[in-house]
Amino acid sequence: MAGESGMFMVHQTVGSVLCCKCGIPMQPNAANMCVKCLRSEVDITEGLQKHVIIMHCPECDSYLQPPKTWIKAQLESKELLTFCVKRLKNLNRVRLVNAEFIWTEPHSKRIKVKLRVQKEVLHGAILEQPYIVEYVIQDHMCESCTRIQANPDQWVASVQLRQHVSHRRTFFYLEQLILKHDAAVRAIKIKQMDQGIDFFFANRSHGVKFVEFLGKVAPIKSRHDKQLVSHDPKSNNYNYKYTFSVEICPICREDLICLPPKVAGSLGNFGPLVICTKISNSIALLDPLTLRHCFLDADQYWRTSFKSLLSSRQLVEYIVLDVEMISREVNVSGSKYALADAQVARVSDFGKNDTIFSIKTHLGHILSPGDYALGYDLYGANSNDIELDKYKGLVLPDVILIKKSYEERRMRKRGKPRSWKLKSLNMEVDESATNKGRSEQEKMNSEYEEFLKDLEEYPDMRFNISLYRNKEYQPSEMASVTDGENDVPSVPLEELLADLDLSDDEDFEEDGMRE
């Protein structure tokens, strides 16, 4: 403003004085000394630790926070930097400005951290000075790892996870959820059993925490028991082994269910023939004839438990002959459905008879004449369900379609690797399960392949798990055009994660990943 009005302004300059020690010009400060002379007179890092010894467990890669706490941290991580700074004594004498790692050889058993601190010195002058702290790593196994090394079978708590169904697809999905959330990171051993998985922990609290995690991702019921191992009458100490029995509800995705009359009445005459569309900590049910839906939590289910009328292993392939829309596409709990009248025929009947079924389906938005679909054949099924017999005069539909089938298009891609892969838990296999022969292993492989197909078809299943890029996959633009791969559901590349491998052991990576 003064310059625009033509007024004369005096330029402000900062005065300088001579250092009282070396005599060089400098900006004035409270000590009247330059920075070099001030540092030669005062060392603000005096009395601060320059060398620290830390304990490191090589088995679980954790560090000891005295007196008994072990903290898990990777090299040059923010958790390790926080741990190193907290181990320094008398650091409250100065003000910490910055802390960073200085690179050292991984096998040198040394960690160097560069700290920059500030402190008020002579007559209120503030001096900032960097210094380096060297941490010497000494290997010392933690209590749990010592117990495991001494006796690998010495566990304190075990969680027996079971589901009484004829397939293992639920456990394949639970395995990915456990890996995603590191829920079994405290398990000392994981064992695959005939109808489930056993988890062993060195502490009861770890088992309790794992059971709580299972209750958040699946409708379960659990009970626990304990067995006395030893007792010291002098100190009155008791040692127990704790066992948690966890049962997952036998209802799975795509199952056809006949609701008991009591449950159907409590839900407002819902059903009674419904489809399970999603399993989390609650069960999502859909009436395929009316598009009504509801949710049952674990308490509601176990209060009046029921089983499925038909499961996904009994699906029959149909070909769609005609589709006529009844209603517009609607959004039901995050999934899209549309009612339609359709005419279908069993694929197995081609060349044998001309049986055609006129049905109502909730898949009208994705089905077109000539498509294939999987459904339940109630026309030829022999069901001995007790709940179904309670409904007098109930007219069953001939067919209930469950999902669109892409098997014919997948046949063209058979033998080609997927663009993604999954990690797997390091599980021991029960010897009694391996003695069942080759057919059992082939059955498990086919079930795992069905699980991978479900991940490709249902985006909501991929939401809570981690999928990794497959390095062996090489996309071919010509093949995608000629084979019609775009018509088959697949996982978008933007949903895939890069596999971070910090070790040089390639065999470990191959064992821990499944395609």
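Which residue stands opposite isoleucine 275 in E15? Leucine 256 does, and that pair is a good place to begin a walk through this predicted model.

Leucine 256 brings us to strand E14, which spans residues 256–258. E14 runs antiparallel to E15, and three bridges join the two strands. E15 itself covers residues 273–279. Most of this strand is covered, with five of its seven residues buried.

Let's carry on to the next strand. E15 also pairs with E16, residues 282–286, again in the antiparallel sense, this time over four bridges. The two strands make a hairpin, with two residues between them. If you look for isoleucine 279, you will find isoleucine 283 of E16 standing opposite. As you look along these strands, it helps to remember that in a regular strand side chains alternate between the two faces of the sheet.

Now let's move further along the sequence, to strand E24. This strand takes in residues 372–377, and aspartate 377 lies in it. Is aspartate 377 buried or exposed? Its relative accessibility is 14%, so aspartate 377 counts as buried, the cut-off for buried being under 20%.

What does this acidic side chain meet there? The side chain of aspartate 377 makes a polar contact with the side chain of arginine 346, at 2.7 Å. A polar atom of the aspartate 377 side chain also lies 3.2 Å from the backbone nitrogen of glycine 380. Setting aside neighbours within four places in sequence, aspartate 377 is in contact with Val316, Tyr318, Arg346 and Asp398. Arg346 therefore appears twice in this account, as a contact and as a polar partner of aspartate 377.

Notes. Residues are numbered from 1 along each chain as its sequence is written. This is a predicted model: local features need pLDDT of at least 70, side-chain atom pairs count only at pLDDT 80 or more; totals for chains, interfaces and linings use all residues. Side-chain values use heavy atoms; hydrogens and water are left out. Buried means under 20% relative accessible area, exposed over 50%, partly exposed in between (1.4 Å probe, protein chains only). Two strands pair if DSSP finds at least two bridges between them. A polar contact is a pair of N or O atoms within 3.5 Å; within protein, one must be able to donate a hydrogen and the other to accept it, and residues adjacent in sequence count only if both atoms are side-chain atoms. Contact means heavy atoms within 4.5 Å.
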